[in-house]
Amino acid sequence: MSPANNKLSPYDWIIVGGGLVGASIAYGLIQKQPQLRILVLDGGDTDHRASVGNFGLIWVQGKGNDFPAYANWSLQGADLWPEFARQLSHKSQIDIAYQRQGGLEFALSQHQLSVLREEMATMSRHTQGRFQYTLLDRNAALALQPGLGEAVVGAAYSPQDGQVNPLYLLSALHKANRLLGVEYQSRCPVEHIEVLEHGFNAAGSLAKHIVLCAGLDNQRLGKQLAMHLPVTPVKGQILITERAEAGKLPYASPQMRQTAEGTIQIGGSHEHKGLDNRSSLDIMQTIANDAVTIMPELAKLHLVRSWSALRVMSPDGAPIYQRSTKYQGAFGVCCHSGVSLAAAHAGLLSSWLLNTLDRDQKILIEAMNNDRFAV
Amino acid sequence: MTDLLFSCLLKDSPMCPITVNGVEHQVPARLSVAAALLYLGNLAIRKHPVSSEARAPFCYMGVCFECLVIIDGQHKQRACLREVMPHMCIETAMVGVNP
Amino acid sequence: MSKVYDYLVIGAGPAGMAAAIEASNAGLCVLVLDQAENAGGQIYRNLGQVGIQQARVLGPDYLVGKPLLAEFMAANCDYQPMAQLWHIEAHEKGFLVVALVHGESITYVTSHLLLANGAMERPMAIPGWHKPGVMTAGAGQILLKTAALLPKQVVLAGSGPLLLLLAQQYRAAGVIITALLDTTPKSNYWYATPWLMAGLTTPKQLLKGLWLTLVQRIKTPYITGVSGIEVLGEECVTGVSYTVAGKVYDIDCNLIMLHQGLIPETQMGQLLGCTQVWSENQQCWQARVAVAGQTSVPGLQIAGDAGTIGGAYVAQFNGRLAGIVRANSGVATLSLQKRLLTLWLCLRVKQLHWARGLVDRLYRPADWLSEPSSDTIICRCEQVTAGAVTAIASRGCAGVNQLKAYTRAGMGACQGRQCGLNLAYLVAHAQQRPVSKVEPLTVRPPLSPINLGQLSRQTEL
């Protein structure tokens, strides 16, 4: 994106937040209406950034078990990904290492396997059978993923799951946005949003429309625009190993995945620790232990990095897409699936913001507004 | 192997037998593994995992991580922080696996 | 249930040894963890084992550490050498310190923690510095101390006291110094004059320094005002080129040793969330440290070069002070004698740090070194060039951490130790803001290598 200029003439859109959500939306808007003047305001270097702590899965399994709209939205998002990835790589000339070879979720007990069975069936029901999956016993799982530990009793497989390098994705979105003419201002924290007669003033820049994509800060900023955006931090820790031989893990999994560079990413803890995003020994040990239990030969791989980031979580875990009823032109977008939903945000959600979406799609997105949290 | 860039002042110190990439050598006792490799004329001791270029120890004090070798089967050992022991088995990664 | 130490000291150099001596003498239960096989730190590396011939070459400033080393070995404290620390975190009882010892990951618990893990050499990123045949001057000195290994012929390049000392030691041992390429900008001499007053408070050191400089200038092929150093050679070093007064020169060589001063190793303090400040004088980040080592994190002290670069003497005083203050939870409860000692140590530490200002200003790195040419490798681990970094930074990324996400610079095994500072300079230049405003790389475990098997089999002491 190009450095912002001319703060005084109003923009068409200000996006508050330059993470995956904000960058995807800006990318969608500028592609649909190239004449738009769009400004992305981004925060400081050490702000909490869920986008750089993402695991990199484009995941469908188990999303929206209790929420049919979210299940359909996730599946649609995953289906939009191949074309989105192709276009983005072409525009940015960055290989984002997208693959859709399917995903495995491993079960370490018969109970876990039966929970997976139920989840998959529910998900399939919610999507009228469009969600495809197979439940694998131990031998079937071994056929797809050799080297599984004794404790693995089976797995759930869906061909619709995929993976990407989330850092390259973010980098590619920023680069494509810059080339398409989106303006970008980093180190620009937004403390206060002023409501003007025909628009908004955020950090000294004016715009007719504003979209809050500020992650955990959406709760605070939402209030200023009369939107209830209840999000809380859920900490996730990740371990990353040295490069292993290619093809060690052919399928993506929330428990472990091999990146295009060859490193193996292990993780996925869920902790409620407020804004504390430090790595902790007990969790790192648990993650390592789980990984070695699933794949004993990983034990000899060295850890090269650990990471921990804060997920932006709504009360039911599903996204919130909100239009301010009080201030026309103000929107809030909250979600913790910035990678999985990147294609949906760039495609359908930006059309929703521009009010060019057909009725069915509009109903689907608006089913995910904050009315569901009404007290 | 390169020409011996370094020579050792210790002429009469006790020697220690070690194995480097399967070949037995005698080196002065108490040397660090990195120093022992240099003493034997090995300047470059690994291929860089990204560029495959030859790399050599740089800092000899544990901060550059350029001297990683396999010692007695243990991978990713900083050669500059370990002293040679009799019959220690050292594998460098100029060929084959990365330590 | 694991044992809880009163004081865990990381590093067995002058600061760590002195602190451990004071704290254990006062009756505290002390543990010293050190990554090396022998105590002494980098400055007194191998001092207990060194031969007569090496001692002659290394000189009196090295041997002066002997009494301290003896006192430490006799002290009533636990000492674990070869402990590769890979993680520290705050804990309800104080701190968890996790280290790999003989292939096993062990967690130590302590109520108070002292980081005395010393310094490292400022990374001197010049074209070709990653090639075999390039090492640091510190490496040259360590090879001399620990292995009595001497090059036959060498080019020394950079700036700072260690480079001159190494030249002196090498000459004494008969090494051929093909050239000493001094990168100290001539303007530094002018800027350093106001600091002469400070330097004069340690007249002996000042004279020694002057003498060392003069002797090298006379006895080695000493070339001043050097810039634009480039390492030549495809696979290995075959030569070096440099510029003096606009003219480019080449020399043949197989070995080049680089140095441009020391910077504190700050990773451990950063991991614990210790407030970092940019030191304009020493051109690096440092933990905010009070005179007896207290930091912004309660229970955590930092002493010696791990806090502020000051050298072995001040590190030792600083360590003693830290140990006494820890043992007595402040000065109020001390005997008169200890109180006087504490006061004297405080004054000495402050004076020596002030006197150091002369060296810091005189040998401040030349500007050209912080603006490497675009093909220079900045991140040695992930092979990222200065050009790639500048390209991203000039598009307005937020700082080095966002840059790391985009370029992988800083993601490798050294955990950003070799690239962090230079990334910050590049971002500062590209975005035309002071480097002090660029926040340092976030530090995460592991600080040293550990495999998943070792991590999953964590044991408590």
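**Entry 1: R171(C)**

I began with R171(C) and located this residue in helix α6 of chain C, which spans residues 161-172. I note here that the model is a predicted one. The relative accessibility of R171(C) is 24%, so I entered the residue as partly exposed, given that buried requires a value under 20%. I then looked up its contacts, setting aside neighbours within four places in sequence, and found I177(C), V215(C), Q216(C), K219(C) and T220(C). For T220(C) I also took the C-alpha separation from R171(C): it is 8.2 Å, with the two positions 49 residues apart along the chain.

**Entry 2: T385(C)**

I turned to T385(C), which I found in strand β24 of chain C, residues 384-385. T385(C) has 23% relative accessibility and therefore counts as partly exposed. Beyond four places in sequence, I listed S374(C), D375(C), T376(C), I377(C) and I378(C) as its contacts. I also checked T385(C) against K437(C): they are 52 residues apart in sequence, and their C-alpha atoms are 22 Å apart in space.

**Entry 3: H130(C)**

Where does H130(C) lie in chain C? I placed H130(C) in the loop that joins β9 (119-121) to β10 (134-136). Its relative accessible area is 9%, so H130(C) is buried, the limit being under 20%. Leaving out neighbours within four places in sequence, I recorded contacts to E53(B), A54(B) and R55(B) in chain B, and to I377(C), R380(C) and Q383(C) in chain C. I377(C) had already appeared in my list for T385(C).

**Entry 4: Q402(C)**

I next examined Q402(C), a residue of helix α14 (residues 400-407) of chain C. Is Q402(C) buried or exposed? I entered Q402(C) as buried, because its relative accessibility is 2%. Its contacts beyond four places in sequence include D42(A), D45(A), R49(A), H174(A) and Y184(A) from chain A. C397(C), from chain C, is also among the contacts of Q402(C).

**Entry 5: F106(A)**

In chain A, I looked up F106(A) and found this residue in strand β5, residues 103-107. With a relative accessible area of 4%, F106(A) is buried. Not counting residues up to four places away in sequence, F106(A) touches Q112(A), Q145(A), L148(A), V152(A), G154(A), A155(A), S253(A), Q255(A) and I294(A). I also took the C-alpha distance from F106(A) to S340(A), which is 20 Å across a sequence separation of 234 residues.

**Entry 6: helices α2(A) and α9(A)**

I then considered a helix pair in chain A, α2 (residues 68-92) and α9 (residues 359-366). Their axes come within 9 Å and cross at roughly 120 degrees. I therefore recorded α2(A) and α9(A) as oblique to each other, since roughly perpendicular covers 65 to 115 degrees. The crossing is left-handed. From α2(A) the contact draws on A69(A), N72(A), W73(A) and Q76(A), and from α9(A) on Q361(A), L364(A) and I365(A). By class, I counted four nonpolar, three polar and no charged residues in the contact.

**Entry 7: confidence**

I closed with the scores of the model, which are ipTM 0.93 and pTM 0.94. Chain C averages a pLDDT of 94, and 99% of its residues score at least 70. For chain B the mean pLDDT is 88, with 91% of residues at 70 or more. I marked residues 95-99 of chain B, where pLDDT stays under 50. The model has 12 contacts beyond four places in sequence for this stretch. Where pLDDT is low, predicted coordinates should not be read in detail.

Methods. Residues are numbered from 1 along each chain as its sequence is written. Chains are lettered from A and ligands numbered from 1 in the order in which they are written. This is a predicted model: local features need pLDDT of at least 70, side-chain atom pairs count only at pLDDT 80 or more; totals for chains, interfaces and linings use all residues. Side-chain values use heavy atoms; hydrogens and water are left out. Helices (H or I, at least four residues) and strands (E, at least two) are DSSP runs, numbered from the N terminus. Buried means under 20% relative accessible area, exposed over 50%, partly exposed in between (1.4 Å probe, protein chains only). Contact means heavy atoms within 4.5 Å. pLDDT is the predictor's confidence in each residue, from 0 to 100. Axes are lines fitted to C-alpha atoms, for helices over the stretch in contact, and angles run from 0 to 180 degrees between N-to-C directions. Angles under 35 degrees count as roughly parallel, over 145 as roughly antiparallel, 65 to 115 as roughly perpendicular and the rest as oblique. A crossing is left-handed if the near helix is turned anticlockwise from the far one by less than a right angle, and right-handed if clockwise. Ala, Val, Leu, Ile, Met, Phe, Trp, Tyr, Cys and Pro count as nonpolar, Asp, Glu, Lys and Arg as charged, and the others, Gly among them, as polar.
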